[in-house]
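Biologist: I'm new to this one, so could you walk me through it? I'll ask, you answer.

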Amino acid sequence: MKIAIYGAGATGGYLGVKLARAGVDTTLIARGPHLDAMQRDGARLLIDGDELVARPFCTDDPAEAGPQDYVIITLKAHSATRVVDAMQPLLGPDTAVITAQNGVPWWYFHRVGGEWEGTRLESVDPGGRQWDGIGPERAIGCVVYVATEIAEPGVIRHLYGNRFTVGEPTGEKTARIKALSRALIGAGIRAPVRRIRQEIWMKLLGNVSFNPISALTLATLDRVATEPGTRGVARGMMEETRAIGEALGVRFRLDIEKRIDGAAGVGAHRTSMLQDLERGRTMEIDALVTSVQELGRLVGVPTPTIDVVLALVRQRAEIAGLYPA
């Protein structure tokens, strides 16, 4: 089995070390000082008080790797559209592409059935670049529950979590999804096969609300989830998101108040969008928030709370130079 990880930063580097140490033929696509360090010293993972070192093939040129069985994209969604042309050498006739990203994936309406079959989402795939350049038939969904960071070039620090839930857009347990799950489990990663759209919406409830609120207020997750004002805004955004999901046939198995309480229990966590703001990185607004607004308009569900928060966080990002047109 050959697996390439495109965008092998914190999350991708974590996966790469685990897979390579389990004997999987692994390629890490990265760039800059992080790539230089991995090529020189190997990819290093700090986890549970230990340092694990692996030496997968590391490059910034996908053509050097050639066709793969699986390509796992761990870039943020707004960056993934820019690498469609570059990743073509990785794609053989049967290559599967795993979208290990937050938010609504570009392939969401592939084989969903009904009136929205084949609908393309402009907010996450402008001009249909991924739909046309990768092909939805290659897509496998993945919902990531792991927190990692780059401690220094070539060194990934694991913070918590170890679950990469995977699933086919159709919900079928195909040979390729079972083989992928086995490979990840063999590398010590929790990789259950689930109905992936359900999993996407459960994580999206938190991402659509906590991320932009924290970026606007600079508050950690525990404060956003417990202070009455921001808790109420988060609740409103979640209720609108749930109504959109239900209009698309999704069944939510968790009460919204319990979802917010669960976030409060995480403690003083800085959301990914807040971290991006603080570190001067492009903020992941469209995949997490704009996509939900677009889906609301598609199914005719009003999104007044989401609309207000989205307008504010976009302007906040634009002023910081972190939301390019």
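Biologist: In which sense do β1 and strand β2 pair?

Modeller: Bear in mind that this is a predicted model. Strand β1 covers residues 2-6, and β2 covers residues 25-29. Tyr 6 has Ile 29 as its bridge partner in β2. Five bridges link the two strands, and the sense of the pairing is parallel.

Biologist: What is the handedness of the crossover from β1 to β2, right-handed or left-handed?

Modeller: After β1 the chain passes through helix α1, residues 10-21, and then arrives at β2. That makes a β-α-β crossover, and it is right-handed.

Biologist: Which residue in β6 stands opposite Ala 4?

Modeller: β1 also pairs with strand β6, residues 68-73. Those two run parallel and are joined by four bridges. As for β1 itself, four of its five residues are buried. Opposite Ala 4, in β6, stands Val 71.

Biologist: Back to the helix: how far apart are the end C-alpha atoms of α1?

Modeller: α1 has 12 residues, and at 1.5 Å a residue they should span 16 Å. The model agrees with that, since the end C-alpha atoms of α1 are apart by 17 Å.

Biologist: How many of the residues of α1 are buried?

Modeller: The buried residues include Gly 12, Gly 13, Tyr 14 and Leu 15. Lys 18 is also one of the buried residues. The helix is largely enclosed by the rest of the structure, because the buried count, out of 12 residues, is nine.

Biologist: Which residue with a positive phi follows α1?

Modeller: Look just past the helix for a phi near 95°. The residue there is Gly 23.

Biologist: How many aromatic pairs are there, and is the pair of Tyr 14 and Phe 164 stacked or edge-to-face?

Modeller: Ring centres have to lie within 6.5 Å to pair, and by that rule the count is five aromatic pairs. The centres of Tyr 14 and Phe 164 are 6.3 Å apart, with the planes at 15°. Planes under 30 degrees apart count as stacked, so this pair is stacked.

Biologist: Which parts does that pair tie together?

Modeller: Both Tyr 14 and Phe 164 are buried. The parts they tie together are 150 residues apart in sequence, because Tyr 14 lies in helix α1 and Phe 164 in strand β9 (residues 155-167). So the parts are α1 and β9.

Biologist: What about Tyr 108 and Phe 109: stacked or edge-to-face?

Modeller: Their ring centres are 5.1 Å apart and there are 80° between the planes. Tyr 108 is buried at a relative accessible area of 2%, and Phe 109 is buried at 2% too. An angle over 60 degrees counts as edge-to-face, so the pair is edge-to-face.

Biologist: Which residues form a cluster with Tyr 108 and Phe 109?

Modeller: Tyr 108 has a charged residue over its face as well: Arg 197, at 5.2 Å from the ring centre. The cluster itself is linked by ring pairs. Its other members are Trp 201 and Phe 252.

Biologist: Where does the charged end of Lys 203 sit?

Modeller: Here a lysine is placed over an aromatic ring, 5.1 Å from the ring's centre. The ring belongs to Tyr 145.

Biologist: Now the loops. Is Arg 31 buried or exposed?

Modeller: Arg 31 is in the loop between β2 and α2 (32-41). Its C-alpha is 7.5 Å from that of Thr 59, which is 28 residues away along the chain. With a relative accessible area of 71%, over the 50% cut-off, Arg 31 is exposed.

Biologist: What is the phi of Asp 48?

Modeller: Asp 48 lies in the loop between β3 (43-47) and β4 (50-54). The residue is exposed, with a relative accessible area of 69%. Although Asp 48 is not a glycine, its phi is positive, about 50°.

Biologist: Last one: at which residue does α11 bend?

Modeller: Helix α11, residues 285-299, reaches 21 Å from first C-alpha to last, close to the 21 Å expected. The helix is largely enclosed by the rest of the structure, because 11 of its 15 residues are buried. Its bend is about 30°, at Ser 291.

Note on methods: Residues are numbered from 1 along each chain as its sequence is written. This is a predicted model: local features need pLDDT of at least 70, side-chain atom pairs count only at pLDDT 80 or more; totals for chains, interfaces and linings use all residues. Side-chain values use heavy atoms; hydrogens and water are left out. Buried means under 20% relative accessible area, exposed over 50%, partly exposed in between (1.4 Å probe, protein chains only). Two strands pair if DSSP finds at least two bridges between them. A crossover is right-handed if, with the strands pointing away from the viewer, the path from the first strand over the helix to the second runs clockwise. Rings of Phe, Tyr and Trp (its six-membered ring) pair if their centres lie within 6.5 Å; planes under 30 degrees apart count as stacked, over 60 as edge-to-face and the rest as tilted. A charge sits over a ring if NZ of Lys or CZ of Arg is within 6 Å of the ring centre and within 35 degrees of the ring normal. The expected span of a helix is 1.5 Å times one less than its number of residues. The bend at a residue is the angle between axes fitted to the seven residues ending there and the seven starting there.
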